Structures are given as structure tokens and as C-alpha cells.
Amino acid sequence: MFLHLGQSTVVTMDEIIGIFDLERTTVSKRTRDFLAHAEREGKVINVSYELPRSFIITKREGEEEKIYISQLSSVTLLKRSEQERIG
């Protein structure tokens with residue numbers, strides 16, 4: 001099962017660790033530090049040409065995690081993931 005994150009980016013459901021609302025979570029300094037560190041490490045992939053609304057943490061076995069920045073809201077992504085599981 002796959003989840004479309006925006007633009008032409010798709011990840012498998014098994015890779016997803018978490019889907020987070022960017023506006024709500026970046027209030028925390030720990031989250032901002034985490035994202036800044038990931039950016040410096042080259043782990044952040046921006047799949048948004050518009051205002052970013054969410055970030056998705058993924059990890060494949062044997063690889064380091066990746067953080068995708070998406071213009072889609074976390075609610076939209078969660079709904080898509082639920083539909084993918086059902087359908």
C-alpha cells in the first residue's frame with residue numbers, strides 16, 4: 001500500500017513512522033531542533049511547491065530515516081492512509 005505525499009512523491013505505508021502537522025509541532029523547540037538537524041544531515045526532502053503544512057518521517061530497513069515536507073495537511077494524509085488500508 002502506498003501514500004501519495006504531494007507532487008510525484010509516493011512512499012509505502014510500511015515506511016511511515018509518523019505524520020505531523022508542521023504548524024502545531026514546530027511550536028516546540030525540540031521539534032525545530034530535530035528538523036534543523038535533519039536538514040543539516042541532508043535527510044529532509046521538500047515535496048511542496050506551496051506553503052508546507054506537514055512533515056512525514058519515514059524509515060526503510062537498513063537505511064536512515066527521511067523527513068518529507070508536504071503541502072498536504074496531516075489530516076488529509078491520515079485520511080488517505082486510512083482509505084488505502086480499507087480499499
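## The four-stranded sheet

Two strands pair if DSSP finds at least two bridges between them. In this predicted model, pairing of that kind gives an open sheet of 4 strands. The strand order is β3-β5-β6-β4, and the pairing is mixed. At the edges stand β3, residues 16-21, and β4, residues 44-46, each of which pairs on one side only. From one strand to the next, the twist averages 20 degrees.

Strands of a sheet pair through backbone hydrogen bonds, and the sense can be parallel or antiparallel. Which senses occur around β6? Strand β5 (residues 54-58) and strand β6 (residues 66-70) run antiparallel and are joined by 5 bridges. Strands β4 and β6 run parallel, with 3 bridges between them.

## Strand β6 and its partners

Individual residues show how β6 is held on both sides. On the β5 side, F55 stands opposite I69 of β6, and S54 stands opposite S70 of β6. I69 also has N46 standing opposite. Strand β6 is mostly covered, since 4 of its 5 residues are buried.

## The hairpin of β1 and β2

Strand β1, residues 2-6, pairs with β2 in the antiparallel sense over 4 bridges. One of the matched positions is F2, whose bridge partner in β2 is T12. The two strands form a hairpin with 2 residues between them.

Q7 is placed in the loop between β1 and β2. What is notable about the backbone of Q7? Its phi is near 50 degrees, a positive value in a residue other than glycine. Q7 counts as partly exposed because its relative accessibility is 35%, a value between the limits of 20% for buried and 50% for exposed.

In a regular strand, side chains alternate between the two faces of the sheet. Strand β2, residues 9-12, has one covered face and one uncovered face. T9 and V11 belong to the covered face, while V10 and T12 belong to the uncovered one.

## An aromatic pair between strands

How many aromatic pairs does the structure hold? There is 1. It is formed by F20 and F55, which are stacked, with 5.0 Å from centre to centre and 20 degrees between the planes. The pair links distant parts of the chain, as F20 is in strand β3 and F55 is in strand β5, 35 residues apart.

Are the two members of the pair buried or exposed? F20 is partly exposed because its relative accessible area is 30%. F55 has a relative accessible area of 2%, so F55 is buried. The cut-off for buried is under 20%.

## The cavity and its lining

The structure holds 1 cavity of 30 Å³ or more. Rolling a probe the size of a water molecule over the atoms is a way to show where empty space is left. The space in the largest cavity is about 30 Å³.

Which residues line the largest cavity? The lining consists of E15, T58, K59, R60, E63, E64, K66 and Y68. Sorted by class, the lining has 6 charged residues, 1 polar residue and 1 nonpolar residue.

T58, one of the lining residues, has its place in strand β5. T58 counts as buried because its relative accessibility is 2%. From C-alpha to C-alpha, T58 and M13 are 9.1 Å apart in space, while in sequence they are 45 residues apart.

## A position in helix α2

Helix α2 covers residues 29-40, and H37 lies in this helix. Is H37 buried or partly exposed? With a relative accessibility of 40%, H37 counts as partly exposed. H37 and K79 are 42 residues apart along the chain, and their C-alpha atoms are separated by 29 Å.

Terms used: Residues numbered from 1 in each chain as written. Predicted model: local features only at pLDDT ≥ 70, side-chain atom pairs only at ≥ 80, totals over all residues. Heavy atoms only, no water. 1 Å grid on protein atoms, 1.4 Å probe; cavity = no way out; pocket = protein on both sides within 12 Å on 5 of 7 lines; lining within 4 Å. Points joined across faces, edges and corners; volume = space filled by probe spheres on them. Nonpolar A, V, L, I, M, F, W, Y, C, P; charged D, E, K, R; others polar. Buried < 20%, exposed > 50% of the residue type's maximum accessible area, 1.4 Å probe, protein only. Axes fitted to C-alpha atoms, helices over the stretch in contact; angles between N-to-C directions. Phe/Tyr/Trp six-rings, centres within 6.5 Å; stacked < 30°, edge-to-face > 60°.
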